[in-house]
Amino acid sequence: MIELEGVGRSFTVRRKAGRLRRDTHVVHAVRDLSFEVTAGEFVGYLGPNGAGKSTTIKMLTGILSPTTGRIRVAGLDPSRRRTALARRIGVVFGQRTMLWWDLPLKDSFTLIRHLYKVDPVRHRNRLAELCDVLDLGGFLDKPVRQLSLGQRMRGDIAAALLHDPAVLVLDEPTIGLDVVSKAAVRGFLRRLNAERGTTVLLTTHDLGDIERLCRRVMLIDHGSLAFDGTVEELRATAPDETSIEDVVTRLYTRAVQS
Ligand SMILES: Nc1ncnc2c1ncn2[C@@H]1O[C@H](COP(=O)(O)OP(=O)(O)OP(=O)(O)O)[C@@H](O)[C@H]1O
């Protein structure tokens with residue numbers, strides 16, 4: 001479902017090098033990254049700040065094109081087939097909303113139906129299902145700006161899934177949520193993957209998300225893959241550590257030192 005082969009992405013940045021002088025400097029955000037995610041997998045994508053996670057996600061969704069290498073998502077080249085890919089992929093950015101701020105939540109859903117040209121009956125059924133499992137009924141008529149973070153996040157997740165995508169990419173979907181809201185979002189994602197077979201790639205700094213949801217974990221650091229395996233294999237990298245936080249801290253520290 002997701003394939004990356006030797007993918008790199010660099011940015012040329014101009015910076016001040018004196019009172020008038022500027023020099024250019026190349027940042028290698030992602031370098032020689034290769035991995036595959038097969039249909040139905042639930043994969044955690046971890047890495048310290050600045051490791052290259054968001055850059056990877058932007059390339060997977062076609063927002064950025066890679067400088068080198070080849071990417072396929074649902075069989076499509078994301079940067080060249082962005083419109084076709086939009087029908088197969090759902091994306092949630094925890095720190096941003098794709099909903100219309102001043103409109104009632106339900107109006108955002110109607111706009112999304114038109115954007116994706118979803119058949120009205122299919123849309124109605126899917127929306128009813130999502131409202132039920134994500135418990136959206138109580139605030140469908142509220143403008144998005146009046147929603148709490150937990151309500152807004154559930155709205156964003158529903159919006160990403162209204163067109164029933166085969167792949168869901170989530171960038172920190174539980175950031176800032178209280179324990180009850182986190183549990184609701186996690187429970188929903190687990191069922192989505194188990195019951196509908198939706199492939200999920202989850203970026204998070206919350207290791208509770210990883211432990212509770214992901215069978216496989218990839219860890220990126222300095223733009224390269226530093227670990228790819230199961231959660232058990234991740235724990236086995238530091239068997240004397242008791243918590244997953246300590247295991248991951250060790251891996252991050254090792255990656256920084258190497
Ligand atoms: N548009 C850009 N121009 C220049 N440098 C960039 C740009 N986007 C990202 N970078 C750099 O690329 C590197 C990777 O950034 P990226 O946002 O992918 O990291 P991240 O793993 O998502 O970090 P975080 O966990 O803090 O969100 C960083 O050094 C960042 O400063």
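Which residues are buried in α4? His123, Leu127 and Leu130 are. This is a predicted model: local features need pLDDT of at least 70, side-chain atom pairs count only at pLDDT 80 or more, and totals for chains, interfaces and linings use all residues. Residues are numbered from 1 along each chain, as its sequence is written.

**View 1. Helix α4, residues 120–134.** Helices (H or I, at least four residues) and strands (E, at least two) are DSSP runs, numbered from the N terminus. The 15 residues of α4 reach 20 Å from first C-alpha to last, close to the 21 Å expected at 1.5 Å a residue. That expected span is 1.5 Å times one less than the number of residues. Asp135 follows α4, with a positive phi near 55°.

**View 2. The two sides of α4.** Buried means 20 or more other C-beta atoms within 10 Å of a residue's own; exposed means 12 or fewer; partly exposed lies in between; C-beta atoms are placed from the backbone. His123, Leu127 and Leu130 are buried. Seen down the axis, the buried residues fall within an arc of 70°, so they line one face of the helix. The arc is taken from the directions from the helix axis to the C-beta atoms. On the other side, Val121, Arg124, Asn125, Ala128 and Asp132 are exposed.

**View 3. The ligand shell.** Residues around the ligand (C-beta atom, placed from the backbone, within 6 Å of it) include Phe11, Val27, Asn49 and Lys53. β1 (2–16), β2 (22–37) and α1 (53–60) each supply at least two shell residues. The largest share, three residues, comes from α1.
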